[in-house]
Each structure stands twice: as structure tokens, then as C-alpha cells.
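Biologist: I would like a close look at one part of this model, the largest pocket. Please also set that part against the rest of the chain, and give the cut-offs behind your terms.

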Amino acid sequence: MSHTRPVQVHFDDLDAMGLLHNAHYGVLVERAISAFWTELGWHFDPARSRFKDVFLAVREFQITYHVPIMGAGEPLVHFWMERMGNTSGVYGFRVLSSDGQTVHAEGRRVNVNLDPATLRPTSFSDEIRDAAKVLAA
């Protein structure tokens, strides 16, 4: 399965030519994935989070650009979990036009679950694994 979420492109996200700045595609992906997990009860504050896995870092981010997004609007981010290992998870994603017909960009994002005391990778909890199953490719 996968998830598709609308995201906002604002005027200040654009470059001098009126195109979405290349660095902002990653921000759109981040916002979509973060909103998904927040709705499931994830929170960066361990006292408020449904999950004990709250200290995650992006290890890798790859993106290929196809068609620029022109102007402000509401494109879609389609994402899924390609693989969930012991300490890391790999998301696949596509940034789409609001009608879903145009692929503006696509790529992958790798998260690593870290132990906050040591900053070393640590295993994902069963709770977060179960929740991530809805994103399984």
C-alpha cells in the first residue's frame, strides 16, 4: 500500500524564475511523511508520542527531477515504504501534479532510528513496525 497527501507550495518556495526551488521538493516530501506519522500519534516529544521511536535521522535522500512545478499550488506527494530493516526504513516517493497525472520528481529517503543517548542506530519498536505496514510496497 501507499499514501498520497496534498502539500502546499507557497510563493516563497519559488526561485527567481517562478519554479519550485529544487531544495524545496525534499521539504514537501518531509512535510507529507511527517503529517502521516503525526496523524498516527507520532510526536518528537517522547512524553507525547504513541511510539517510543522518536529520534530519527535522515541518512540518505535521492531525488530525480522530471518536470518543474511552476507557481504556488497544491501538488501531491505519493509515498510508500520500500523496506523496513532493523534500524532503518526506506521510503519511495513521487511528487505529482494536483491531478496526479504529472510526475514532477521521484526518489527515495532513508531514515535511521537512533538511540538518543548514544546517537547509534537502534532497532525499531514493534509498534512502529506495525504502524508502517500500511505503507508496505
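Modeller: A residue is called buried under 20% relative accessible area, exposed over 50% and partly exposed in between, using a 1.4 Å probe and protein chains only. By that scale Leu-119, at 52% relative accessibility, counts as exposed. The model is predicted, so local features need a pLDDT of at least 70 and side-chain atom pairs one of 80 or more, while totals for chains, interfaces and linings use all residues. Residues are numbered from 1 along each chain as its sequence is written, and side-chain values use heavy atoms, without hydrogens or water.

The chain comes before the pocket. Two helices and five strands make up the elements of the protein chain; these are DSSP runs numbered from the N terminus, helices being H or I over at least four residues and strands E over at least two. Read from the N terminus, their order is β-α-β-β-β-β-α. Along the principal axes, the C-alpha atoms occupy a box of roughly 45 × 30 × 25 Å. Of the 137 residues in the chain, 39% are buried. Among contacts (heavy atoms within 4.5 Å) with a separation of 6 or more, 63% join residues 24 or more positions apart.

Now the pocket. The largest pocket has a volume of about 280 Å³. A pocket is an open set of points on a 1 Å grid over the protein atoms alone, where a 1.4 Å probe fits and protein lies on both sides within 12 Å along at least five of seven lines; lining residues have an atom within 4 Å of a point. Of the 16 residues in the lining, Trp-37, Leu-56, Tyr-91, Arg-109 and Asn-111 are the closest to the centre of the pocket. Five elements each give two or more residues to the lining: helix H1 (24-39) and the strands S2 (56-65), S3 (76-84), S4 (88-96) and S5 (103-113). H1 supplies the largest share, four residues. Sorted by class, the lining holds eleven nonpolar, three polar and two charged residues.

Arg-109 is one of the residues closest to the pocket centre, and the arginine deserves a separate description. Arg-109 sits in strand S5 and has a relative accessible area of 4%, so it counts as buried. Two polar contacts (N or O atoms within 3.5 Å, one able to donate a hydrogen and the other to accept it) involve its side chain. One, of 2.6 Å, runs from the side chain of Arg-109 to that of Glu-30. The other, of 3.1 Å, runs from the side chain of Arg-109 to that of Asn-111. Asn-111 is itself among the residues closest to the pocket centre. Leaving out residues up to four places away in sequence, Arg-109 touches Val-29, Glu-30, Ile-33, Val-58, Glu-60, Phe-61, Gly-89, Val-90, Tyr-91 and Phe-93. Tyr-91 is another of the residues closest to the centre of the pocket.

Next, the loop between H1 and S2. Ser-49 belongs to this loop and is buried because its relative accessibility is 13%. A polar atom of the Ser-49 side chain lies 3.2 Å from the backbone nitrogen of His-43. Beyond the residues up to four places away in sequence, Ser-49 touches Gly-41, Trp-42, His-43 and Val-54. Val-54 is in the loop as well, and its relative accessible area of 14% makes it buried. With the same residues left out, Val-54 touches Trp-42, His-43, Phe-44, Pro-46 and Ser-49. Val-54 and Ala-136 are 82 residues apart along the chain, and their C-alpha atoms are separated by 20 Å.

Arg-48 is also found in the loop between H1 and S2. In contrast to buried Arg-109, Arg-48 is exposed, with a relative accessible area of 58%. A polar contact of 3.3 Å links the side chain of Arg-48 to that of His-43. Not counting residues up to four places away in sequence, Arg-48 touches Gly-41 and His-43. Between the C-alpha atoms of Arg-48 and His-21 the distance is 34 Å, with their positions 27 residues apart in sequence.

The last item is the loop on the other side of S5. Leu-119 lies in the loop between S5 and helix H2 (126-132). Although Leu-119 is not a glycine, it has a positive phi of about 60°.

Technical notes. Points joined across faces, edges and corners; volume = space filled by probe spheres on them. Nonpolar A, V, L, I, M, F, W, Y, C, P; charged D, E, K, R; others polar.
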